Amino acid sequence: MNDIDRAARHHRLTEADHRHLWHPFTQMQDWLAEEPLIVDAAEGVYLVDTLGNRYLDGVSSLWCNVHGHRVPEIDRAIEAQLGKVAHTTLLGLASTASIECAEELSRHLPPGLTRIFYSDAGATAVEIALKMAYQHHQLRGDTARSEFVALHGGYHGDTIGSVSLGGIDLFHRIFKPLLFDVHHAPQPYCYRCPLAKDPATCRMACADEVERIFEARPGKIAALVLEPLMQGADGMIAQPPGYVRRMREICDRHGALLVTDEVATGWGRTGTTFAVEQEGVLPDILTMAKGLTGGYLPLAATVTTERVFESFLGSYADKKTFFHGHTFCGNPLACAAATASMRLFTERNILAGLPAKISAFARALEPAAALPHVGEIRRRGFMTGLELVRDRGTKEEYPYALRVGDRVTLEARRRGAILRPLGNVVVLMPPLAMTEAELARLAGIAAESIAAVTEAL
Ligand SMILES: *Cc1c(COP(=O)(O)O)cnc(C)c1O
């Protein structure tokens, strides 16, 4: 296609987008006034737009992509599955692809997590965890355990149950009258400690606050739900070492289940297959989605222990059944993609290669850390947040209306990388497949873009 044809096609698609679409998490008034970047194709860790420009996929197409795009092994697995069946149900029937996917998944799970309940999004995986935890206690006769504890700044998806757990005011406050009550504990946000403590001496006072909620509600709490190691959507809020272990101990002391939401942290993103491994913690329920299919297709899983599973066993007439399901639970195409992606972890020995990449990435981010308006860099493996501040000494925030994060994203595009900010936090979440050279280029583009925007303000 020549440049004139490309431009005409881009123009036509832009008009159609502006006429028909409503984009997620997007102020459409701004969107309609701006020229969109339209992704047309991808190659490895690069996205290609309708005008033929190439960009590093710096946020893994929203925290999903693992091995890059158009991976021959995953493409072939989907094609092979298409030649058999695209969809069949798990309600009352089994399917080859969902069985093989579960078998492969069980090889990667922390030992003790054995039962896999499929769905199709992170939010549904969390809804399932909520209902599973609640019904588990009900079926065991612990009927007063109907309440949940979660963290301020938590994000668990956009359905009403997951929004109830969520703790991000900007997203969740307006829906408050629709939500059920959840006890929200102060988040472990050491850079801006909600308890105004010093991390060097606080002995994790924020964890004590979690325990206080349990102590005040004896026998009432069904489960504690949290994103382990890193709260993603609130701006990459990294937890101090030992925090998740403390949460496990609190749940054990008070007879509640621990639910870890690994929708973002799962599949190598923090350096291990699952984040809980780094804390030596076995949750009662673990949710995953984004990276499960290598970022190819919507597939989620809520996995649990035999102990929870067994609570639901009984005769047909006992009505202990878990009455929950989604039409596309265990969709065969998505399962085939997931199986292929998980096998690549083994075949390519991906985890063994991560420490070198992670330290190279950390080194490449050092110049960004030295910039006068970068208040803090938070990293766990590949998950990275650079918090921009107006004043480093006072940690004064940039006002929301300045759209500092958005401006950095636009600068990064001009330099050849796709980013997506969270307020004043610039997020980098590269695919595990990026080479050290590509990681260095991504870090360099982020630093240059931050410098260009903050120097001009
Ligand atoms: C993205 C995310 C979700 C929601 O997943 P969807 O597939 O968008 O519904 C839930 N929990 C965490 C931790 C996430 O990062």
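**Ligand shell**

I began with the classes of residue in the shell around the ligand, and in this predicted model I found 6 nonpolar, 3 polar and 3 charged residues there. I then listed the residues around the ligand by name, and they are Trp63, Ala121, Gly122, Ala123, Tyr155, His156, Gly157, Glu227, Asp261, Val263, Ala264 and Lys290.

Next I looked up polar atoms beside the ligand. For Gly122 I noted a polar backbone atom 2.7 Å from an oxygen atom of the ligand, and for Tyr155 a polar backbone atom 3.5 Å from a nitrogen atom of the ligand. With Asp261 the side chain takes part, since one of its polar atoms lies 2.7 Å from a ligand nitrogen atom. I also checked how much of the ligand is covered: on its own the ligand has 380 Å² of accessible area, and the protein covers 81% of that.

**Sheet with β1, β2, β3 and β15**

I turned to the open sheet of 4 strands, whose order I wrote down as β1-β2-β3-β15, with mixed pairing. Strands β1 (39-43) and β15 stand at its edges, and because each has a single partner strand, one side of each is left without a neighbour in the sheet.

Going through the pairs, I found that β2 (residues 46-49) and β3 (residues 54-57) run antiparallel to each other, paired over 3 bridges. Within this pair I located Val48 opposite Arg54 of β3, and Leu47 opposite Tyr55 of β3. The two strands, β2 and β3, make a hairpin with 4 residues between them, and in the turn I noted Gly52, which has a positive phi of about 90°.

On following β3 to β15 (residues 417-418), I recorded parallel pairing over 2 bridges, with Leu56 standing opposite Ala417 in β15.

**Sheet with β13, β14 and β16**

I then examined an open sheet of 3 strands, in the order β13-β14-β16, where the pairing is antiparallel. Its edge strands are β13 (374-380) and β16 (425-428), each of which pairs on one side only. From one strand to the next I noted a twist that averages 15°.

For β14 (residues 383-388) I looked up the pairing with β16, which is antiparallel and extends over 4 bridges; here Gly385 is the residue that stands opposite Val427 in β16.

**Helix α16**

Last, I asked myself which strands helix α16 lies across, and at what angles it runs to β16 and to β3. Helix α16 (residues 436-456) lies across β13, β14 and β16, and its direction is at about 165° to β16. This helix, α16, also lies across β2, β3 and β15, where I noted an angle of about 100° to β3. I therefore entered α16 under both sheets in my notes, as it lies across strands of the one with the order β13-β14-β16 and across strands of the one with the order β1-β2-β3-β15.

Note on methods
Residues numbered from 1 in each chain as written. Predicted model: local features only at pLDDT ≥ 70, side-chain atom pairs only at ≥ 80, totals over all residues. Heavy atoms only, no water. Pairing = 2+ DSSP bridges. Axes fitted to C-alpha atoms, helices over the stretch in contact; angles between N-to-C directions. Contact = heavy atoms within 4.5 Å. Near = heavy atom within 4 Å. Polar contact = N/O pair within 3.5 Å; in protein donor to acceptor, adjacent residues only side chain to side chain. Areas by Shrake-Rupley, 256 points an atom, 1.4 Å probe, with all protein chains shown as cover. Nonpolar A, V, L, I, M, F, W, Y, C, P; charged D, E, K, R; others polar.
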